Amino acid sequence: MHLPETQNAHHLHAFKKGYRLALESKPLTNMPSMFRYDRTLREYYEQGWSQANEELEAGYQASQQKPWRDRIAWLIVIVIGSIATAVGLVTSIQEDQAEQQARILGLNTAVEQANTQPEITPAPTVKSQSATQVSELNSPVLVSPSTELSLIDTDEPIINNSTEVETALIKQMPENTSVTREEAVQKKTNSISELSILTPQQRQDLTLNQQELQQAEPKTVELSSLVDSNILIESAVLTPQVKNKQATEILTDKIPKHIRQLYFFTQVKDAKDSTIYHRWLFKNQVMALIPLKINSNLYRTWSSKRMTSAWQGEWMVEVLNDQQKVIYRQTFQYGNR
């Protein structure tokens, strides 16, 4: 606001009144009557009103002007940031490519060094060791009371050297076999190719089945009737897991095949200082016989069995007394067969 050059208070009051009403967007016709009938006061009022409208118009036009400087500054910042990001991505890609090439070069060097190693001749004691292993597999195995029965998956180490693979095959061949070295290598290669298309679960089941085939044939038993016993079976349930000496879940007589570890949890009474047995049967074949030492009159104990999809069908799990007479039997169906 630029006040007029006057010392008259009435004139200044008229000017300021017109200025304020203009800022409030009031038209000139809203002039108060005290200024309307006085020519001098009306002129000062119109000056104030006109000055306020001019300032409003100037401010509006200034706000409509495009801030080119600000936009140019932002554009420069965006361009610089984009260039820095692109340079960082290119550098990262180049570093990854260099690292990959170094890894490939290192693998090629390792393969060349492995191929230049001398051939390993079979040790003369292989035959006796194999005979010992066969005798151990054919002999019956009793599991200690503190050990849960399970099949341990063992993966053979991957041998990159083709000479070592062939040597390992020759070690596994009997002395009187007529299979040549090339046929043995081809057979092993075909076996590896077949395993490579299997899922991890199928490969695990195949490994477990091969371990079962390497062991002695399961013993087939005839079902006997239950005998009277002073030992009381207060609880006997199937569960997928045991925690804090309790079954985490009680399974029904139909066990889905996705359960790969099955526990038989029992609570016995009046069996202190005796040994009971858990016997797992599949199609009347003994798959496991686990002795369990009872240390108190009321005792909780359990055994476990690793299951595979090849063993789908009817199962039985029995409790035997110290004379291995059946005092309890439970039947369940594993899988969909």
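**Strand pairing in the predicted model**

Let me begin with one contact in strand S8, where the bridge partner of Lys-219 is Val-286. What we are looking at is a predicted model, in which local features need pLDDT of at least 70 and side-chain atom pairs count only at pLDDT 80 or more, while totals for chains, interfaces and linings use all residues. Residues are numbered from 1 along each chain as its sequence is written, and side-chain values use heavy atoms, with hydrogens and water left out.

That contact belongs to strand S1, residues 219-220, which pairs with strand S8, residues 285-293, in the antiparallel sense over two bridges. By strand I mean a DSSP run of E with at least two residues, numbered from the N terminus, and two strands pair if DSSP finds at least two bridges between them.

S8 is also joined to strand S7, residues 275-282, again in the antiparallel sense, over eight bridges, and here Trp-280 stands opposite Ala-288 in S8. Between S7 and S8, which form a hairpin, there are two residues, and Lys-283 in the turn has a positive phi of about 55°.

Turning now to another part of the model, there is an open sheet of three strands in the order S2-S6-S9, with antiparallel pairing. Its edge strands, each pairing on one side only, are S2 (232-239) and S9 (298-306). Neighbouring strands of this sheet are turned by 15° against each other on average, direction ignored; the axes are lines fitted to C-alpha atoms, and angles run from 0 to 180 degrees between N-to-C directions. Seven bridges join S2 to the antiparallel strand S6, residues 261-269, and Leu-238 stands opposite Phe-264 in S6.

How values were computed:
Helices (H or I, at least four residues) and strands (E, at least two) are DSSP runs, numbered from the N terminus.
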